[in-house]
Amino acid sequence: MLEGKGVYVPTAFEARELEDTRTVAGHDPRLADALAHTVDGRIAQYMAGAPALLECYRTAPPAARAVIGAAMDASRLGGAALVGRDFLQAAAEGYLGDDDLDALGEGWLEDALAYTQQPSKGVRGLLSRVRARTGADGGCPTT
């Protein structure tokens, strides 16, 4: 549809556009992330990391692709929002063909996670490590 056509992207969002973006960001975690990390309304530049992430996915080594596939399917199937290392390791093995599984080195999971967590063009990697917060409400622990 856009072949041969230019798409104008402003250098920065204006105040009204930023306000609209904040409204939509309540339903879109990537947009919320862009708002939280951009400078001077440069939302489009931050979001431009998406094509780079797609390229990382397309060119991922087999173990990294398997880890990504396991995480995506867990999310799609209603699994917990936070998927742990043990789950990823066990599930990812099922996404690998016999030759790729046999070729895995000792540190394959760490290598795959390092690949998937590499930021690109201002955005988090394909998978993001999430640290547990102290205390049930995310605040300081109670005594």
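Which residues does aspartate 33 touch, not counting residues up to four places away in sequence? In this predicted model, aspartate 33 touches Tyr46 and Arg124. Aspartate 33 is found in helix α2. With a relative accessible area of 17%, aspartate 33 is buried, because the cut-off for that class is under 20%.

Let me now turn to the chain as a whole. The protein chain has eight helices and zero strands. Read from the N terminus, the order of elements is therefore α-α-α-α-α-α-α-α. Of the 143 residues in the protein chain, 25% are buried. The chain exposes about 10300 Å², and carbon and sulfur atoms supply 54% of that area. As for the contacts between residues at least 6 apart in sequence, 55% join residues at least 24 apart.

I shall take helix α4 next. This helix covers residues 49–58, and Gly49, Ala52 and Leu53 are buried in it. Why do these residues lie on the same side of α4? They do so because they cover an arc of only 100° around the helix axis. The face turned away from that buried side carries the exposed residues Pro51 and Arg58. What covers the buried residues of α4? The cover includes α2, residues 29–37, and α3, residues 43–47. Helix α2, part of that cover, is also the helix in which aspartate 33 is found.

The next topic is charged side chains. How many salt bridges does the structure hold? The structure holds four, and I shall describe some of them.

In helix α1, residues 15–25, aspartate 20 and arginine 16 are four residues apart, which means that about one helical turn separates them. Their side chains meet in a salt bridge, at 3.5 Å from N to O. Arginine 16 is exposed, with a relative accessible area of 60%, whereas aspartate 20 counts as partly exposed, at 36% relative accessibility.

Helix α1 also contains glutamate 19 and arginine 22, which are three residues apart and so separated by about one helical turn. The side chains of glutamate 19 and arginine 22 meet in a salt bridge, with an N to O distance of 3.9 Å. Here glutamate 19 is partly exposed, at 42% relative accessibility, and arginine 22 is partly exposed, at 46%.

A further salt bridge joins the side chains of arginine 76 and aspartate 73, at 2.2 Å from N to O. These residues belong to helix α5, residues 62–76, and being three residues apart they are separated by about one helical turn. Arginine 76 is exposed, with a relative accessible area of 59%. Aspartate 73 counts as partly exposed, at 21% relative accessibility; the cut-off matters here, because buried means under 20%.

I turn briefly to the aromatic rings. The count of aromatic pairs comes to zero. Where does arginine 65 lie relative to tyrosine 57? Arginine 65 lies over the face of the tyrosine 57 ring, at 4.4 Å from the ring centre.

Let me move on to helix α6, which covers residues 85–95 and includes leucine 88. Is leucine 88 buried or exposed? At 6% relative accessibility, leucine 88 counts as buried. Leaving aside neighbours within four places in sequence, leucine 88 is in contact with Val67, Ala70, Ala71, Val83 and Leu113. For one of these contacts, valine 67, there is also a backbone distance: leucine 88 and valine 67 are 5.9 Å apart, C-alpha to C-alpha, and 21 residues apart in sequence.

My last residue is aspartate 100, whose place is in helix α7, residues 98–102. Aspartate 100 is partly exposed, with a relative accessible area of 35%. How far along the chain is aspartate 100 from proline 62, and what separates their C-alpha atoms in space? The two are 38 residues apart along the chain, and their C-alpha atoms are separated by 6.7 Å.

To close, I return to the opening residue. Aspartate 33 is buried, and beyond its sequence neighbours it touches Tyr46 and Arg124. Thank you for your attention.

Definitions and conventions. Residues are numbered from 1 along each chain as its sequence is written. This is a predicted model: local features need pLDDT of at least 70, side-chain atom pairs count only at pLDDT 80 or more; totals for chains, interfaces and linings use all residues. Side-chain values use heavy atoms; hydrogens and water are left out. Buried means under 20% relative accessible area, exposed over 50%, partly exposed in between (1.4 Å probe, protein chains only). Helices (H or I, at least four residues) and strands (E, at least two) are DSSP runs, numbered from the N terminus. The arc is that of the directions from the helix axis to the C-beta atoms. Contact means heavy atoms within 4.5 Å. Accessible areas come from the Shrake-Rupley method with a 1.4 Å probe; for residues, only the protein chains shown count as cover. Rings of Phe, Tyr and Trp (its six-membered ring) pair if their centres lie within 6.5 Å; planes under 30 degrees apart count as stacked, over 60 as edge-to-face and the rest as tilted. A charge sits over a ring if NZ of Lys or CZ of Arg is within 6 Å of the ring centre and within 35 degrees of the ring normal.
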